[in-house]
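The exchange below asks how certain labels are earned, setting each computed value against the rule behind it.

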Amino acid sequence: MPKLKILVTRRWPEAVEAALHKKYDVTLNTSDGALSQDDFRIALSAYDAILPTVTDKIGSKVFDVKKPRTRILGNYGVGYSHIDMTSAKAVGIVVSNTPDVLSNCTADIAITLMLMTARRAGEGEREVRRGNWTGWRPTHLVGTQMTGKTLGIIGFGRIGREVAKRAHYGFNMKIVVQNRSKIKSEVLIKTNARQLNSINDLLDVSDFISIHCPGGDENRHLFSSKQFERMKNSAILINTARGEVVDDDALVAALHEKKIRAVGLDVFNGEPNIHAGLMDYENAVLLPHLGSATQETREAMGFRVLDNLDDFFGGKEPRDRVV
Ligand code: DGY
């Protein structure tokens, strides 16, 4: 039997590409540039599976194909707000993602951003590299400490819980959480966390706020002017989830009006473009979507996609099916 045809939309870690080649007839995107909507529409008629990533915007038009050959989109990543799920479902295409394997790594980057913003690490590094450091002094680049402060976590899923562990056990932080559904007390107790009824309740008490909810329309601009108004002026916002959760115009205005102390972002609206206003603020720490960027995690993500493919084509329910 001929091998099934698979399109991999970006370069993957070598070990996973090699494993894919063994089982499937794989087409790699050797230029490693993002594919267009048209590329995807054409691919839908040519491949049995497509393995996209967050940089692939797969909107409703892509699915406007008479009889798609593609039966599964094996997304390389946990978030899938870049794929129009309603349309995928309507044409009977299964979608899977890669949960679990990147929770530790993404929690680490959230903590990195908390430390960088609180301790003004980006500012300090830029000062040294520009040759502007004039030496130690008691009032130089004074930040704020994380230890003992209150961390508000929006979305208490796998990644949010890993952030809570690090903050509670590493920094003795008090944890409050906001989540759509009720979190079981045996989960909360692990980090002595308290679930609050509303985002407003969380904004009232938090010194740090870390976003871990899904992106997409349901959470678009969850953080806008009203929320920045409500946050403590000394509070720090961290976003490692999806850019659309934060309203950039409102964020830049909040930085300008000193409504918040700082912001740490690993994700952006319209990546890789960044709201120009953010560049003006030393207290904005900006990372290029590094949440899952370790060798171990990127390999684990790839092998997880492979598991899902093998299940699906082997006639089983893919373990991480989302649609
Ligand atoms: C994820 O897995 O969702 C990361 O943000 C990369 O897409």
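**Labels and their grounds**

Q: How many residue pairs in polar contact does the rule find across the interface of domain 1 and domain 2?
A: In this predicted model, the rule finds three residue pairs in polar contact across the interface of domain 1 and domain 2, with both residues of a pair at pLDDT 80 or more. By class, the side of domain 1 that touches domain 2 has three nonpolar, three polar and one charged residues.

Q: Why is the meeting of aspartate 100 and arginine 158 called a salt bridge?
A: The side chains of aspartate 100 and arginine 158 come to 2.6 Å, N to O, and the rule asks for a side-chain nitrogen of Lys or Arg within 4 Å of a carboxyl oxygen of Asp or Glu, so the pair qualifies. Across the interface of domain 1 and domain 2 the rule finds one salt bridge.

Q: What makes up domain 1 and domain 2, and how far apart are their C-alpha centres?
A: The domain assignment gives 5–101 + 295–313 as domain 1 and 103–286 as domain 2, and their C-alpha centres lie 31 Å apart. Seven residues from domain 1 and seven residues from domain 2 take part in the contact.

Q: What area do domain 1 and domain 2 bury between them?
A: The two domains bury about 590 Å² between them, with 47% of it on carbon and sulfur atoms. On the side of domain 1, Val54, Ser81 and Asp100 lose the most area to domain 2, together 58% of what that side buries.

Q: Which residues surround the ligand?
A: The ligand is surrounded by Val54, Gly77, Val78, Gly79, Leu102, Arg242 and His289. By class, this shell has three nonpolar, three polar and one charged residues.

Q: Why do valine 78, glycine 79 and histidine 289 count as being in polar contact with the ligand?
A: The cut-off for a pair of N or O atoms is 3.5 Å. A backbone N or O atom of valine 78 lies 2.6 Å from an oxygen atom of the ligand, a polar backbone atom of glycine 79 is 2.8 Å from a ligand oxygen atom, and an N or O atom in the side chain of histidine 289 is 2.7 Å from an oxygen atom of the ligand; each distance falls within the cut-off, and therefore each pair is a polar contact. The protein covers 88% of the 230 Å² of accessible area that the ligand has on its own.

Terms used:
Residues numbered from 1 in each chain as written. Predicted model: local features only at pLDDT ≥ 70, side-chain atom pairs only at ≥ 80, totals over all residues. Heavy atoms only, no water. Near = heavy atom within 4 Å. Polar contact = N/O pair within 3.5 Å; in protein donor to acceptor, adjacent residues only side chain to side chain. Areas by Shrake-Rupley, 256 points an atom, 1.4 Å probe, with all protein chains shown as cover. Nonpolar A, V, L, I, M, F, W, Y, C, P; charged D, E, K, R; others polar. Domains from an automatic or database assignment. Contact = heavy atoms within 4.5 Å. Buried area = accessible area lost by both parts, 1.4 Å probe.
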